[in-house]
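Let's take a walk through this fold, starting at the surface and working inwards. Have the model open and turn it as you read.

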Amino acid sequence: MASLIDDMKGLLVRNRRLIIVAVCAAVFLGLAHEVLEGEMLKLDEAAYWLVVERLRAPWLTPVMEAFSALASPVILVTLLLMVVAFAPGRRPGACCALNLVLVVALNQILKQVVQRPRPEGFRLAEVSGFSFPSGHSMVAMAFFGLLVWMVWRYERDRAVRLGCVAAFSALAVAVGISRVYLGVHYASDVIAGFCVSIVWLALYTRLVAPLLLRDDPSAAGHAGATADAPDAR
């Protein structure tokens with residue numbers, strides 16, 4: 001029995017990327033189906049009650065606006081320039097830039113396919129375009145998620161890795177929550193955006209990022225990091 005359990009654990013670990021992709025794809029497709037049916041999701045109603053009706057406060061609104069701005073073009077370009085300036089070599093910047101361009105294009109395609117109108121009547125910000133999936137949420141998860149992957153793969157110091165993973169993950173989630181708080185997206189838009197970007201990152205970090213970073217000096221300089229880091233494949 002113990003051997004069977006160990007085998008099952010090993011199977012799950014070896015196929016964790018595929019499992020994550022399958023779960024996120026299923027969640028996205030389920031949400032997209034409900035949205036295309038035109039019904040208000042109970043998830044959205046619950047999030048509206050909690051985030052909009054209960055959490056909104058004058059002191060919190062500027063904080064949420066600041067989180068939302070993290071996924072704006074100006075801030076993203078600034079963060080991208082910081083990656084180019086501080087990450088060893090030039091390829092990490094190119095890797096992040098290509099990731100951003102492709103995920104923005106993917107978001108626009110999905111929005112045109114679903115064409116869900118944005119929430120009405122309780123917005124705190126002026127926006128345009130369709131709502132599903134959330135572009136800010138997709139971009140934040142794709143950008144900060146790729147930084148998580150890069151730091152975890154190449155950084156030697158375990159404490160630094162854990163700290164960066166926690167910080168970047170929290171920022172991505174905060175951007176999504178801020179979009180619901182500001183009334184410019186439904187919660188289902190945000191969750192769908194996260195799911196799409198997680199699927200995207202699973203593919204991008206398997207097929208594209210390793211090719212771009214293969215000859216990067218940081219990979220050689222941090223080769224020892226992979227010895228105690230989980231297998232990123």
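A nonpolar patch, as the word is used here, is made of residues with over 30% relative accessible area and no salt bridge, their nonpolar side chains joined within 5 Å. In this predicted model, Ile19, Val23, Val27, Leu43 and Ile191 make up such a patch on the surface, covering about 340 Å². Helix H2, residues 16-37, is the top contributor, giving 3 residues to the patch. One residue to look at is valine 27, which lies in helix H2. Its relative accessibility is 34%, so valine 27 counts as partly exposed, because that class runs between the buried limit of 20% and the exposed limit of 50%.

Now step back for the overall plan. The chain has 12 helices and 0 strands, so there's just α after α when you read along the sequence. Of its 233 residues, 43% count as buried.

For a look inside, go to helix H7, which spans residues 135-154. From first C-alpha to last, the 20 residues of H7 reach 28 Å, close to the 28 Å expected at 1.5 Å a residue. How many of the residues of H7 are buried? The count is 18 of the 20, so H7 is largely enclosed by the rest of the structure.

Leading into H7 is a loop that comes after helix H6 (91-114), and proline 119 lies in that loop. Proline 119 is buried too, with a relative accessible area of 1%. Its C-alpha is 9.8 Å from that of phenylalanine 130, a residue 11 places away along the chain.

Next, the aromatics. A pair of rings is described by how far apart the centres are and by the angle of the planes. The model has 6 aromatic pairs. Take the one made by phenylalanine 143 and phenylalanine 144: the ring centres are 5.3 Å apart and the planes stand at 80 degrees, so this pair is edge-to-face. The cut-off behind that label is an angle over 60 degrees. Both phenylalanine 143 and phenylalanine 144 are buried, and together with Phe168 they form one aromatic cluster.

Rings also turn up with charged partners. Arginine 161 lies over the face of tryptophan 152, 4.8 Å from the ring centre. Elsewhere in the sequence, arginine 56 places its charged end over the ring of tyrosine 181, at 5.8 Å from the centre.

Key: Residues are numbered from 1 along each chain as its sequence is written. This is a predicted model: local features need pLDDT of at least 70, side-chain atom pairs count only at pLDDT 80 or more; totals for chains, interfaces and linings use all residues. Side-chain values use heavy atoms; hydrogens and water are left out. Rings of Phe, Tyr and Trp (its six-membered ring) pair if their centres lie within 6.5 Å; planes under 30 degrees apart count as stacked, over 60 as edge-to-face and the rest as tilted. Buried means under 20% relative accessible area, exposed over 50%, partly exposed in between (1.4 Å probe, protein chains only). A charge sits over a ring if NZ of Lys or CZ of Arg is within 6 Å of the ring centre and within 35 degrees of the ring normal. Patches are made of residues with over 30% relative accessible area and no salt bridge: like charges are joined within 9 Å, nonpolar side chains (Val, Leu, Ile, Met, Phe, Trp, Tyr) within 5 Å. Accessible areas come from the Shrake-Rupley method with a 1.4 Å probe; for residues, only the protein chains shown count as cover. A salt bridge is a side-chain nitrogen of Lys or Arg within 4 Å of a carboxyl oxygen of Asp or Glu. Helices (H or I, at least four residues) and strands (E, at least two) are DSSP runs, numbered from the N terminus. The expected span of a helix is 1.5 Å times one less than its number of residues.
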